[in-house]
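Please look over the sequence and the structure shown here before reading on. The report is written for someone meeting them for the first time.

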Amino acid sequence: MSLTSAATLATLDRTGPRRITDLAAVEGVTQPAMTALVRVMEESGLVERRGDASDKRVTLVCLTEAGASYVRTRRQAGVHAFERLIGELTGDEVEALVAALPALKHLAELESQDREGPKQ
């Protein structure tokens with residue numbers, strides 16, 4: 001799976017259903033590229049398109065259970081990789097990492113806000 005596909009699934013997991021135009025803007029690709037990407041992920045059973053109850057002209061892209069499961073599995077793999085790597089650090093390095101956690105959390109929040117863009 002491409003990084004853009006994985007990032008799009010993660011965005012949908014974090015933010016809920018989105019328009020293709022919003023996903024394209026958040027992921028930094030063109031609308032035609034996102035349309036093609038969504039089509040491939042839809043064919044793979046990772047996302048589905050649904051109408052927007054508040055605006056019948058709008059189609060939203062939503063995660064399927066398979067898509068949500070994929071995102072959870074990737075995140076868990078990342079957690080395990082960090083656990084293994086942190087286990088190789090010295091005590092002083094672990095302390096330095098713990099001291100940096102508030103700043104890292106703030107960076108993640110800023111990045112998330114930037115990537116989410118306008119909500120629907």
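The sections below go from the overall fold to one helix and then to one residue.

## Overall fold

The model described here is predicted, and it should be read with that in mind. The protein holds five helices and two strands, and, followed along the sequence, these elements come in the order α-α-α-β-β-α-α. With a radius of gyration of 17 Å, well over the 14 Å that the globule rule gives for 120 residues, the protein is more spread out than a compact globule. Taken along the principal axes, the box filled by its C-alpha atoms is roughly 55 × 25 × 25 Å.

An unreviewed UniProt entry carries the annotation "domain: HTH marR-type", which covers residues 1-106. In the model this span is 68% helix and 14% strand, and the C-alpha atoms at its two ends lie 29 Å apart.

## Surface, contacts and charge

How much of the protein counts as buried? The share is 29% of the 120 residues, while the surface that the protein exposes comes to about 7,800 Å², with carbon and sulfur atoms supplying 58% of that area. If one takes the contacts between residues at least 6 apart in sequence, 48% of them join residues that are at least 24 apart.

The protein has 15 positive and 18 negative charges, and the mean positions of these two groups are 8 Å apart.

## A mostly covered helix

Helix H2, which spans residues 20-27, is mostly covered, since six of its eight residues are buried. The buried residues of H2 are Ile20, Asp22, Leu23, Ala24, Val26 and Glu27, a list in which the acidic residues Asp22 and Glu27 stand beside Ile20, Leu23, Ala24 and Val26. An α-helix has 3.6 residues a turn, so residues three or four places apart point the same way.

Directly after H2 comes Gly28, whose phi is positive, at about 70°.

## An exposed residue in H5

Helix H5 runs over residues 91-116 and includes Glu95. Is Glu95 buried or exposed? Glu95 counts as exposed because its relative accessibility is 57%, and a residue is called exposed when this value is over 50%. Glu27 in H2, by contrast, is among the buried residues.

Glu95 can also be placed relative to Ala24, one of the buried residues of H2. Between Glu95 and Ala24 there is a separation of 71 residues in sequence, and their C-alpha atoms are 39 Å apart in space.

Note on methods
Residues are numbered from 1 along each chain as its sequence is written. This is a predicted model: local features need pLDDT of at least 70, side-chain atom pairs count only at pLDDT 80 or more; totals for chains, interfaces and linings use all residues. Side-chain values use heavy atoms; hydrogens and water are left out. UniProt positions are given in the numbering used here, feature names are shortened, and annotations may be inferred rather than shown by experiment. Helices (H or I, at least four residues) and strands (E, at least two) are DSSP runs, numbered from the N terminus. The radius of gyration is taken over C-alpha atoms; the globule rule is 2.2 Å times the number of residues to the power 0.38. Buried means under 20% relative accessible area, exposed over 50%, partly exposed in between (1.4 Å probe, protein chains only). Contact means heavy atoms within 4.5 Å. Accessible areas come from the Shrake-Rupley method with a 1.4 Å probe; for residues, only the protein chains shown count as cover. Lys and Arg count as positive and Asp and Glu as negative; His and the chain ends are not counted. The place of a charge is taken as NZ of Lys, CZ of Arg, CG of Asp or CD of Glu.
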